[in-house]
Amino acid sequence: MGVKEYKAKRNFTRTQEPAGKVRSPGDGRAALFVIQKHAASHLHYDFRLEMEGVLKSWAVPKGLPVRRGERRLAVQVEDHPLDYAHFEGTIPPGSYGAGTVMVWDTGSYEVAGDDPAGAVRKGKIQLTLHGKKLKGDWTLVRMRGGEGEGKPQWLIFKSGADLKPLSSRAENTSVITRRSLEQIASQNGLREDKEVIRETRKPAS
Ligand code: MN
């Protein structure tokens, strides 16, 4: 599920999402993670890890767990181009993934064993996130049969210590622009997704 699939789903004359340059890795900086909160037809969080010049991506309907042992479904989706990590705005109605996108958290990450792409292939990724909101350890495990037809299903667990739950304000604030989903949507002239956004005020549980 590569960037080709990402491009095939989108009309770049309509959406402001990046058309996608694939950069080569190896410039010496730490690998980046991003979590985008996405008020599409169903609210979800898109969890993305930079590796091999793209963003490996999972849709996490309830967001990442904060209590040790808690686990959440994470559905692997197509790789996204690296510059998608900075995308915040609205995807127009009728387009793939229509709705408002917020950069909910970002920072660097590390993987136990230092081989992120190998860990993805093996189906177990032990992560340490150094985000602005999320700091600490999580583990992603691909479910049995998760490599078969359709999108691979994974579980994401909180490993290591519990994380203090976020305030509802932090839950609904962009780490790059301090805006709420409502502000992002209204500044882009998109009002159709008010219903979905209203639901998102509740922190994920
Ligand atoms: Mn999404």
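**A manganese site, two cores and a strand trio**

Let me begin with one pairing, in which W138 has K158, a residue of strand β9, as its bridge partner. I should say at once that this is a predicted model, so please take what follows as a description of that model.

The pairing of W138 belongs to a wider arrangement, since strand β8, residues 135–142, runs antiparallel to β9 over 5 bridges. Strand β9, which covers residues 153–158, also pairs with strand β4, residues 71–81, again in the antiparallel sense and over 5 bridges. Within that second pairing, W154 of β9 stands opposite A74.

Both of those tryptophans come back when we turn to the interior, where I125 touches W138 and W154, as well as W58, V111, A119, V120, T139 and L140, leaving aside residues up to four places away in sequence. I125 is itself one of the residues that touch the most other members of the largest nonpolar core, a set of 30 residues, and the others so placed are F47, W58, L64, L127 and L140. Apart from that core lies another, made up of 14 residues, including Y6, L32, A85 and I91. As a general remark, nonpolar side chains in soluble globular proteins tend to be buried together.

Finally, which residues hold the manganese ion? Its protein donors are H38 through ND1, H44 through NE2 and D46 through OD, at 2.2 to 2.3 Å from the ion. Along the chain these donors follow the spacing H-x5-H-x1-D, and the two histidines, H38 and H44, are both buried.

Methods. Residues are numbered from 1 along each chain as its sequence is written. This is a predicted model: local features need pLDDT of at least 70, side-chain atom pairs count only at pLDDT 80 or more; totals for chains, interfaces and linings use all residues. Side-chain values use heavy atoms; hydrogens and water are left out. Donors are N, O and S atoms within 2.8 Å of the metal (3.2 Å for Na, K and Ca); water is not among the atoms, so sites may look incomplete. Buried means under 20% relative accessible area, exposed over 50%, partly exposed in between (1.4 Å probe, protein chains only). A nonpolar core is a set of buried Ala, Val, Leu, Ile, Met, Phe, Trp, Tyr and Cys residues joined through side-chain atoms within 4.5 Å. Contact means heavy atoms within 4.5 Å. Two strands pair if DSSP finds at least two bridges between them. Helices (H or I, at least four residues) and strands (E, at least two) are DSSP runs, numbered from the N terminus.
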